[in-house]
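Me: Hey, got a minute to go through the aromatic rings in this one with me? I'll put it up here.

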Amino acid sequence: MERRTFIKLAGASALSIPLAAPLARPAIAQGATTVRWWYHFDNPQHSPAELVAKFEAENPGIKVQAESIPWGGGNDYQTRLFAALVAGNGPDCAMVRLSWAARFQQMKALAPIDDLIAGWAGRSDIADNIWKLNKGADGKQYYLPLQYVVLYLYYRQDLFEQAGLKPPATFEDFRSAAKALTKSDLSGFGLRGGAGGFDHWGPFVLGGGASFEKGGMLSEKALAANRWFVDLTLKDKVVPASAPTDSFRQIVDTFKAGRTAMTIHHVGSANEIVGVLGDKVSAVPVPRGPDGKGWTYFGDESNAVFAASKAREAAFKWCAFLSIAENNVVLNKFTGQLPIASSAAKDWTLHPKRFVEASAASLPIAASLPDSPKTPDFIARIWPANMQRALLGQIQPDEMMRAVEQHFHG
Amino acid sequence: MPFWFLLPAILVTAGVVLVPVAQTAWLSLQDYLLYDPDNARFIGLGNFAKIAGDEVFWISLGQSFIWIIGVVGLQFLLGLAAALLLNQSFWWRGLARSLVIIPWALPSVIIGLMWTWMYDFNLGVINDIAMRLGLIAAPIAWLARPDTALYAIMLALIWQGFPFFAVTILAGLQTVPAELYEAAEIDGATRPQQLFHVTLPAIADVIATALLLRTIWVANSLDVILVMTGGGPGYATHTLPLYAFLRASSSMEFGYGAALALILTAMLLGVVFLYVRQAARSIET
């Protein structure tokens with residue numbers, strides 16, 4: 001082809017593109033709705049692209065723009081989400097937690113989705129108690145459950161067998177076992193006093209009689225339970241010296257290294273721990289208090305469709321898609337948590353069975369933290385600062401409880 | 001006419017500096033919760049009055065002074081020593097100059113994580129080495145003890161930041177005329193006398209600028225603390241910017257956080273003012 005002919009043809013082609021493009025473009029694309037979804041995975045290398053592609057193929061009129069936001073200990077994700085909503089540039093829907101619900105409601109960021117849930121076929125595949133836990137304070141449904149974990153007690157079954165001990169079922173069993181197992185280079189309990197440590201405090205103090213109701217932190221039972229918990233560090237000395245600031249990574253790594261005999265976490269760390277300790281480790285529900293009551297943290301993750309969204313139904317479709325059994329399984333492979341859909345949970349093989357069973361056995365005493373706008377601040381600031389001061393003997397345990405009471409009730 | 005040439009720069013500065021500062025100042029006068037923007041209300045100096053009675057603010061302020069003076073001071077001394085060494089002639093000087101920059105090149109979050117594991121009570125290399133050398137009988141929970149936590153973090157930041165001084169001072173050293181040293185030697189000056197009467201006066205402006213910049217950066221830095229202890233145990237590693245961040249980020253009290261940030265800014269402006277005044281004097285003389 002001669003140079004001049006080539007240029008003519010190229011020019012004609014270029015001119016024809018804007019004219020031909022509207023004809024060639026599929027009609028559906030013109031009306032495509034875009035759903036912006038914010039998510040976080042612990043491992044940033046995991047991507048929901050496979051799920052997005054599947055959803056878009058099933059719903060040709062909807063495009064999903066999945067935006068990965070760093071978790072950053074909870075504050076990064078949370079603050080960015082709230083800031084984006086205040087600025088009017090929030091996503092249509094996002095992964096959220098129950099403990100943030102009150103703040104969302106206070107800023108009127110959520111609209112009930114009861115009508116959409118009522119018409120959703122996957123509704124019955126999620127257990128009733130999960131729906132109840134996810135309800136707003138006014139009884140309406142604002143969240144669509146996505147995944148969960150329940151905190152249980154990891155214990156070294158080999159060390160327990162060698163010492164002739166049974167896995168602890170009560171607080172006193174627990175303390176006796178922790179004392180019996182504590183030696184020079186081994187601590188009975190890997191206590192988490194750093195970030196996220198309220199999930200170690202909750203089973204013993206909330207399970208021991210404290211509550212978030214007005215006056216609930218200052219009852220005799222509550223104060224006694226908190227003193228008992230602090231004594232694990234100050235008097236019984238069954239925890240590592242680093243416990244006041246130990247966080248997730250420290251408690252898991254120390255447990256894996258054989259420096260602690262028990263710790264509390266959830267199924268999300270099971271594979272990592274089994275990878276090192278194999279059959280030497282097992283799990284049971286957290287111990288119960290003197291009156292037989294117990295408490296463990298229900299670690300939730302749901303999806304919320306925001307009130308300002310102009311693609312409410314499309315956003316709900318995407319969130320509902322993620323909660324349907326087969327998709328829920330794929331998603332939970334990325335997050336390492338448990339599927340919310342009952343039919344998916346039955347054949348769940350991602351974690352060893354004993355840890356899934358310990359999670360299920362913990363559900364009857366599992367609860368979330370109070371539905372209050374002050375809860376996130378309790379988790380991130382009030383609890384760690386006061387707990388650490390109590391564990392170091394800088395303040396009395398009762399003073400810590402007064403600080404928690406004051407935070408919630410003034 | 002010259003004013004119009006300055007206009008674009010003034011507009012850009014106003015847009016990226018003055019407007020956010022004004023917004024922060026305005027925010028500091030309000031009771032503004034990020035999750036409750038509809039109920040934001042003007043409270044005048046209410047946040048500042050509350051800060052005056054806030055125990056954690058005073059703890060953070062005191063620790064900020066220890067933090068700034070300790071970190072900047074030791075970074076400077078270490079950087080000066082490194083620069084003087086790197087200014088000498090030895091066969092692997094090029095490699096040494098490259099190596100010294102490594103801590104400065106690492107992101108603060110990585111520094112924080114790295115030192116957290118070095119200090120780890122159970123698995124950390126610092127306890128391991130100290131025990132092997134017989135310096136300690138049992139591991140120390142460096143980051144969980146209120147008497148060691150702040151200093152342990154300071155050490156991490158000193159390590160990270162001293163190359164800035166080393167490189168800056170080294171650049172300054174290379175501008176000192178060799179004739180000054182020749183004259184000093186002829187006059188019989190010893191090496192320490194040369195350092196104090198020739199070298200340091202010759203690079204005084206470089207040192208002052210480096211100290212000013214580093215003071216501002218260190219005063220504002222919170223990422224290493226956030227990664228290593230989150231401000232704990234208790235309030236043992238709280239500094240003013242960290243406290244402002246926690247109140248704004250965790251509590252979402254943007255008004256209170258802005259007031260705390262404004263106090264820090266005012267203090268730093270004081271440092272800048274002193275520097276500018278000093279610099280102006282030296283130009284006049």
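Reply: Sure. Ground rule for ring pairs and clusters: rings of Phe, Tyr and Trp (its six-membered ring) pair if their centres lie within 6.5 Å. Keep in mind that this is a predicted model.

Me: OK, how many aromatic pairs does the structure hold over all chains?

Reply: There are 47 over all chains. Take A:Tyr39 and A:Phe41: the ring centres are 4.7 Å apart and the planes sit at 55°, so that pair is tilted.

Me: Are those two buried or exposed?

Reply: A:Tyr39 is buried, at 6% relative accessible area, and A:Phe41 is buried too, at 7%.

Me: What about the rings of A:Phe378 and A:Phe408, how are their planes set?

Reply: That pair is tilted because the planes are at 50°, with the centres 5.4 Å apart. It links distant parts of chain A: A:Phe378 belongs to helix H18 and A:Phe408 to helix H19, 30 residues apart.

Me: And how accessible is A:Phe378?

Reply: A:Phe378 has a relative accessible area of 0%, so it is buried. A:Phe408 comes out at 12%, which also counts as buried.

Me: Back to clusters. Which residues do ring pairs link into one?

Reply: A:Trp37, A:Tyr39, A:Phe41, A:Phe55, A:Trp318, A:Phe321 and A:Phe334.

Me: Switching to charges: which ring does the charged end of A:Arg123 sit over?

Reply: The ring of A:Trp131, with the charged end 5.0 Å from the ring centre. In chain B, the charged end of B:Lys50 sits over the ring of B:Tyr256, 4.9 Å from its centre.

Methods
Residues numbered from 1 in each chain as written. Chains lettered and ligands numbered in written order. Predicted model: local features only at pLDDT ≥ 70, side-chain atom pairs only at ≥ 80, totals over all residues. Heavy atoms only, no water. Phe/Tyr/Trp six-rings, centres within 6.5 Å; stacked < 30°, edge-to-face > 60°. Buried < 20%, exposed > 50% of the residue type's maximum accessible area, 1.4 Å probe, protein only. Helix = DSSP H or I, 4+ residues; strand = E, 2+ residues; numbered from the N terminus. Lys NZ or Arg CZ within 6 Å of the ring centre and 35° of its normal.
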